[in-house]
Amino acid sequence: MEYRKLGRTELNVSTLGFGASPLGDVFGPVNPAAGERAVHLAIDHGINFFDVAPYYGPVLAEERLGKALLGRRTKVILASKCGRYGVDTFDYSPRRIRSSIEESLRRLHTDYLDLYQVHDVEFGSIEQIVGETLPTLWALQKEGKVRYVGITGYMLRMLMRVAEAASPDSILSYCRYNLLVDDLDRVLVPYAQERGIGVINASALHMGILSSHGAPEWHPAADEVRQAGIKASRYCREHGANLSQIALQFCFGYNKVATTLVGMRSMEEVRRNLRALATPLDPALLAKVRTILAPAFNMVWPSGLPANHDFRAASHRPSALRARRVSMRASSRRGGEER
Ligand code: NAD
């Protein structure tokens, strides 16, 4: 297993990170014992970075991960989050953050977190996240309850606005760099690298679309994106290959991020994903898969409060997306706001 430093922190995280949201039955029911065995196998094979949140399950993923980590806490770098508690339930107030950390520590059977992240910042106001939430996390750091402080979200511009004002240790974004999208590389990574902020790339399988299971019902992507995933998966199957394997190999080859988080719920998935890490990508197969996925490439969706969207229009149309991308590049060059 290869390890990389998360930005300017002292955390050396495995390049394959364990996303624990599936342990909260987010992608369908999980056998708790199987989930626990998956965690143990991952640790035995050198995976040391585990990411979870009270939102997953809700609270079930933290409970199950906490149980699986009993007696193994010191072998892992443990990240959790605060501020998001349900599909439409958010509370970024200092009072809630203080109760939230105590609840997470209790569920995870530990007295500190290695990384504590404000969950999905685009659902909060920039004034509150920067003026109240993050200062509360820094206070928790001084109190020894968390070692480092990060932010997470889908809207890259909002993440950068928060980072500019508050300088977190890490930024986690999801579904922004994989076979279906690459704007993390163009927009966020250069920004973070310049400032020594660690980047965590989550959802290498585009939250299931790049797997044979397909997307869960709640997936926010447009139908074109789901259909492209289904076509690519079928093509791989017909050619004796596996789309998840290719998607993961592709992400593992991207070394500008500290770690790639993959949601895992069974020993079989852990084994497969370790295999993907250890085997080289077939360039001809990759080229074919990319051609199949091309019509759905870089199709993003709006998330969070309208004021925090990366772009003005909320359309899923590719032409509108192209326009968005150009304007994001232009504003990056200006070093200014998204609008
Ligand atoms: P993902 O793209 O990693 O896909 C997970 C799905 O793929 C699950 O159903 C899993 O069982 C399945 N899977 C894993 N390995 C497989 C394999 N080899 N073959 C077939 N299927 C396989 O999506 P994710 O879990 O949402 O993202 C990874 C992690 O990143 C999450 O668990 C979470 O920890 C983190 N995350 C954070 C945020 C946030 O902070 N806002 C958002 C998304 C994800």
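**A walk from Ser80 to the ligand**

Let us start at one serine: a polar atom in the side chain of Ser80 lies 3.4 Å from the backbone oxygen of Val52. Keep in mind as you look around that this is a predicted model. Ser80 belongs to strand β5, which covers residues 77-82. Is Ser80 buried or exposed? Its relative accessibility is 0%, and because buried means under 20%, Ser80 counts as buried.

Which residues does Ser80 touch, once those up to four places away in sequence are set aside? Val52 appears again here, together with Ala53 and Pro54. Glu62, Ser104 and Leu108 are also in contact with Ser80. The list is completed by Leu113, Leu115, Tyr116 and Gln117. Of interest for our next stop, strand β8 spans 113-118.

Follow the chain on from β8 and you enter the loop that leads to helix α4 (126-142), where Asp120 is found. What is the phi of Asp120? It is positive, at about 55 degrees, although Asp120 is not a glycine. That deserves a second look, because most residues other than glycine have a negative phi. Asp120 has a relative accessibility of 4%, so this residue counts as buried.

A second residue invites the same kind of look. Asn298 is not a glycine either, yet its phi is positive, at about 60 degrees. You will find Asn298 in the loop between helix α10 (283-293) and helix α11 (318-334). With a relative accessible area of 6%, Asn298 is buried.

Now turn to the ligand, where Asp120 comes back into view. There are 30 residues around the ligand, and those that come nearest are Ser21, Asp51, Asp120, Gly263 and Asn273. Where does the ligand sit? Its place is in the largest pocket. Three elements each give two or more residues to the shell around the ligand: strand β10 (170-174), strand β12 (259-263) and helix α9 (267-278).

Some polar contacts can be followed atom by atom. A polar backbone atom of Leu205 is 2.9 Å from an oxygen atom of the ligand. For His206, a polar backbone atom is 3.3 Å from a ligand oxygen. Glu269 takes part through its side chain, with a polar atom 2.8 Å from an oxygen atom of the ligand. How much of the ligand's exposed area does the protein bury? On its own the ligand exposes 830 Å², and the protein buries 97% of that.

Definitions and conventions. Residues are numbered from 1 along each chain as its sequence is written. This is a predicted model: local features need pLDDT of at least 70, side-chain atom pairs count only at pLDDT 80 or more; totals for chains, interfaces and linings use all residues. Side-chain values use heavy atoms; hydrogens and water are left out. Helices (H or I, at least four residues) and strands (E, at least two) are DSSP runs, numbered from the N terminus. Buried means under 20% relative accessible area, exposed over 50%, partly exposed in between (1.4 Å probe, protein chains only). A polar contact is a pair of N or O atoms within 3.5 Å; within protein, one must be able to donate a hydrogen and the other to accept it, and residues adjacent in sequence count only if both atoms are side-chain atoms. Contact means heavy atoms within 4.5 Å. A residue is near a molecule or strand if one of its heavy atoms lies within 4 Å of it. Accessible areas come from the Shrake-Rupley method with a 1.4 Å probe; for residues, only the protein chains shown count as cover. On a 1 Å grid over the protein atoms alone, a cavity is a set of points where a 1.4 Å probe fits but cannot get out, and a pocket is an open set with protein on both sides within 12 Å along at least five of seven lines; lining residues have an atom within 4 Å of a point. A molecule sits in a cavity or pocket if more than half of its atoms lie within 2 Å of its grid points.
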